[in-house]
Amino acid sequence: MINIDIPSYKKLDIEYIIFDYNGTLGFDGIVEEHTKSLLNKLSEKVKLYVLTADTNGNARKNLEGCNVELKIISKENGAQDKLKTIKELGTSKCIAIGNGYNDRLMLKHAELSICISSNEGCNVQAMSNSDIVINDINRCIELFIHTNRLIATLRG
């Protein structure tokens, strides 16, 4: 569990971090080895989920060795599938991380949400539904390993 009290913002009691795959964890469907290493370190604190329509068809293979639960969502109703997942887990216990239009609802409803704006860009609705926008997935993951960085970004 991640427990962070952010002055003049809110107290977080997080059990789950939910990641989008393409454009968030991976670029062109490939996840870097350093990112995988950070995911495994983060998984010692919270349960990690990866929700994807698996556009490139290689998510399962590319996440081998990562301590994450992969969930393939529909290509047609991905936004609703992602929202349903965080509601089932409990939105107040979830951090959502994504970049695309199909991430906008989970980003809006999660207790804390981060939009990744990196090589593939990000959807403006995903960005406007986020608490933080960051340009690198590794720096994003490190916010939860080195939580003073997160506090510095969000405190009032």
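In this predicted model, Thr35 counts as buried, at 1% relative accessibility. The residue belongs to helix α1, which spans residues 33–42. When neighbours within four places in sequence are left aside, the contacts of Thr35 are Leu25, Ile137, Asn138 and Ile141. A further relation links Thr35 to Glu142: the two residues are 107 places apart along the chain, and their C-alpha atoms are separated by 9.9 Å.

Glu33 is likewise placed in helix α1, but its setting is described by other values. With a relative accessible area of 58%, Glu33 is exposed, since residues over 50% are counted in that class. Along the chain, Glu33 and Arg139 are 106 residues apart, and a distance of 14 Å separates their C-alpha atoms.

Glu142 is located in helix α6. Its relative accessible area is 11%, and it is therefore buried, the limit for this class being under 20%. Apart from residues up to four places away in sequence, Glu142 touches His34, Leu38 and Arg149. Arg149 is a residue of helix α7, and Glu142 is among the α6 residues that take part in the meeting of these two helices.

The arrangement of α6 and α7 was examined next. Helix α6 comprises residues 137–145 and helix α7 residues 147–154; their axes come within 5 Å and cross at roughly 100°. This crossing makes α6 roughly perpendicular to α7, because angles of 65 to 115 degrees are assigned to that class. On the α6 side, the residues in contact are Glu142, Leu143, Phe144 and Ile145, and they meet Thr147, Arg149 and Leu150 on the α7 side. Sorted by class, this contact consists of four nonpolar residues, one polar residue and two charged residues.

Helix α7 also contains Ile151. This residue counts as buried, with a relative accessibility of 15%. Ile151 touches Ile4, Asp5, Ile6 and Pro7, where residues up to four places away in sequence are not counted. For one of these partners, Asp5, the separation in sequence is 146 residues, while the C-alpha atoms of Ile151 and Asp5 are 7.9 Å apart in space.

Two residues other than glycine were noted for their backbone angles. In general, most residues other than glycine have a negative phi. Ser8, however, has a positive phi, near 60°, and Asp54 also has a positive value, of about 55°, although it is not a glycine. Ser8 is situated in the loop between strands β1 (2–6) and β2 (10–14), whereas Asp54 lies in the loop that runs between β4 (47–52) and α2 (59–62). Their accessibilities place them in opposite classes: Ser8 is exposed, with a relative accessible area of 69%, while Asp54 counts as buried at 16%.

Arg60 is found in helix α2. At 56% relative accessibility, this residue counts as exposed. Its contacts, leaving aside neighbours within four places in sequence, are Leu70 and Ile72. Arg60 and Ile17 are 43 residues apart along the chain, and 18 Å separates their C-alpha atoms.

The analysis of open spaces in the model concerned the largest pocket, which has a volume of about 220 Å³. This pocket is lined by 16 residues, of which Phe27, Glu32, Ser118, Asn119 and Ile137 are the closest to its centre. By class, the lining holds five nonpolar, eight polar and three charged residues. Ile137, named among the residues closest to the pocket centre, is also one of the contacts of the buried residue Thr35. Ile137 thus connects the description of the pocket with that of helix α6, which includes residues 137–145.

Key. Residues numbered from 1 in each chain as written. Predicted model: local features only at pLDDT ≥ 70, side-chain atom pairs only at ≥ 80, totals over all residues. Heavy atoms only, no water. 1 Å grid on protein atoms, 1.4 Å probe; cavity = no way out; pocket = protein on both sides within 12 Å on 5 of 7 lines; lining within 4 Å. Points joined across faces, edges and corners; volume = space filled by probe spheres on them. Nonpolar A, V, L, I, M, F, W, Y, C, P; charged D, E, K, R; others polar. Axes fitted to C-alpha atoms, helices over the stretch in contact; angles between N-to-C directions. Helix = DSSP H or I, 4+ residues; strand = E, 2+ residues; numbered from the N terminus. Parallel < 35°, antiparallel > 145°, perpendicular 65-115°, else oblique. Contact = heavy atoms within 4.5 Å. Buried < 20%, exposed > 50% of the residue type's maximum accessible area, 1.4 Å probe, protein only.
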